[in-house]
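I opened this model to look up its sheets, its domains and its odd backbone spots. My notes follow in the order I took them.

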Amino acid sequence: MLVTQQPVFRQFWYPVVLCESLKAGPQSFELLGEPLVLWLDGAGQPAAARDRCCHRTAKLSLGCVDQGHIRCPYHGWQFDATGACVHVPQLGADKTIPANYRVPAYRCTERYGYVWVCLAEPIADIPPIDETASSDYRLIHEFYEPWQTAGLRVMENELDLAHPTFVHTATFGSEEHPVPDSLEIEDTDYGIRVRGLLGVVNPEQQQKNLKMDAGGTVRTLEMDWFMPFTIKLKIIYPNGLEHIVVNTMTPISDRVSQMVQFCVRNDTEAETPAQDVIAFDRAVTLEDKQILESTDYDVPLSPSQEEHMLTDRPGVMIRKKVAALLKQHGEVEQTRQPPATKSPAPVNHSVSAGSRR
Ligand code: FES
Ligand SMILES: [Fe+2]
């Protein structure tokens, strides 16, 4: 599936930039192939519009913000948060600005410290992370970087409890636990909920972070996949510590996703400094990144195109639900090329007597 070729993905919210970054001036971001300019309007609220001036197509993000309006760097036209042109320096004050002087503007709001954008009529809310509203938890911004991979690959990776043994060899993967002790999947209106138990290694760096000195532990996992590209991964340790990873793979193009990750924890900075939490999660995500960037970005929704095993059940369900979403919106899965026959015919390596020399 090619995400930019499926219009329904324009109907979901995605985090695009950190709110904090807009204080320095307008920012650009590419969402599903759409170039965006983001800035703070007169009320200090984030605004989003197409990053192309309607006059001579210059990038508005190279301009500046003037009293809440984005000002084009080329001839100084100014646009408000609705995309309407509100000032043309070359036009006399007594002249009316033509109504067609405008750029497409998009829905835009702030949540969890990020600017979220939806390019069309939303069909789902921004994923609710209830713990962020509680004073018992703190939010730590972790990663914001492009990955050369499809969002769906990352979604199913996070729910794939067979990969830690082989991928997270320097962090938490355990050779003694190649499969989870339990795995339950529930269908929900927002995506799926997966519950599991996984034995993991507890390395020295993590022992400090978790305040647990055993060399191994068990993760109780409550994982929510919010269609299409957000995962909330709640890890509960035996001592009651909760480490909740929230990851959205914001689709930039068919091949590239912006990895946006923060975590929410019920401990304090004095107990575990944020930089130590980030350092461990950095090592974990880099292990995933290397593998995921090696996978094919054109993720097939049909189960017949790749092989599966029992621990892939969440991923298979994700693909099934995305296929149903497309169908519901009258879309046909777009692929890089028509599905090939899965496996080529086996090559006969036997050498016939006549060909021997
Ligand atoms: S290109 Fe933007 S004002 Fe001319
Ligand atoms: Fe992983």
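**Entry 1: the domain boundary.** I began with charges across the boundary. The count of salt bridges between domain 1 and domain 2 is 0. This is a predicted model, so I keep in mind that side-chain atom pairs count only at pLDDT 80 or more. Polar contacts tell another part of the story: I find 8 residue pairs in polar contact between domain 1 and domain 2, both residues at pLDDT 80 or more. Which strands supply the side of domain 1 that touches domain 2? I get strand 1, strand 2 and strand 10 (114-118), each with at least two residues. Strand 1 gives the most, with 5 residues.

**Entry 2: bounds and extent.** Next I looked up where the domains lie. The domain assignment puts domain 1 at 3-118 and domain 2 at 130-320. I note 33 Å between their C-alpha centres. How many residues are in contact? I count 19 residues of domain 1 against 17 of domain 2. The two domains bury about 1500 Å² between them. Of that area, 70% is on carbon and sulfur atoms.

**Entry 3: the sheet of 6 strands.** I then traced the strand order. This open sheet runs 1-10-9-4-3-2, and its pairing is antiparallel. Which strands are at the edges? They are strand 1 (14-18) and strand 2 (27-31), and each pairs on one side only. I note that both edge strands also supply residues to the side of domain 1 that touches domain 2. Neighbouring strands in the sheet of 6 are turned by 35° against each other on average, direction ignored.

**Entry 4: pairing inside that sheet.** I went through two of the strand pairs. Strand 2 and strand 3 run antiparallel and are joined by 5 bridges. Here glutamate 30 stands opposite proline 35 in strand 3. Strand 3 (residues 34-40) also pairs with strand 4 (residues 46-50), again in the antiparallel sense over 5 bridges. For leucine 36, I looked up the bridge partner in strand 4 and found arginine 50. As background, strands of a sheet pair through backbone hydrogen bonds, either parallel or antiparallel.

**Entry 5: the turn at leucine 32.** I went back to the hairpin. Strand 2 and strand 3 form it with 2 residues between them. Leucine 32 is in that turn. What is its phi? I read a positive value of about 50°, although leucine 32 is not a glycine. I flagged it because most residues other than glycine have a negative phi, and most peptide bonds are trans.

**Entry 6: a cis peptide bond.** I checked the other half of that rule. A cis peptide bond joins methionine 227 and proline 228, with omega about 0°. Where is proline 228? I place it in the loop between strand 14 (216-226) and strand 15 (230-236).

**Entry 7: the sheet of 4 strands.** I finished with another open sheet. Its order is 5-6-7-8, with antiparallel pairing. Strand 5 (64-66) and strand 8 (85-87) are the edge strands, each pairing on one side only. I looked at the edge at strand 5 in detail. There, 3 bridges join strand 5 to strand 6 (residues 69-71), and the two run antiparallel. Which residue of strand 6 stands opposite valine 65? I find isoleucine 70.

Notes: Residues numbered from 1 in each chain as written. Chains lettered and ligands numbered in written order. Heavy atoms only, no water. Pairing = 2+ DSSP bridges. Axes fitted to C-alpha atoms, helices over the stretch in contact; angles between N-to-C directions. Domains from an automatic or database assignment. Contact = heavy atoms within 4.5 Å. Buried area = accessible area lost by both parts, 1.4 Å probe. Salt bridge = Lys/Arg side-chain N within 4 Å of Asp/Glu carboxyl O. Polar contact = N/O pair within 3.5 Å; in protein donor to acceptor, adjacent residues only side chain to side chain.
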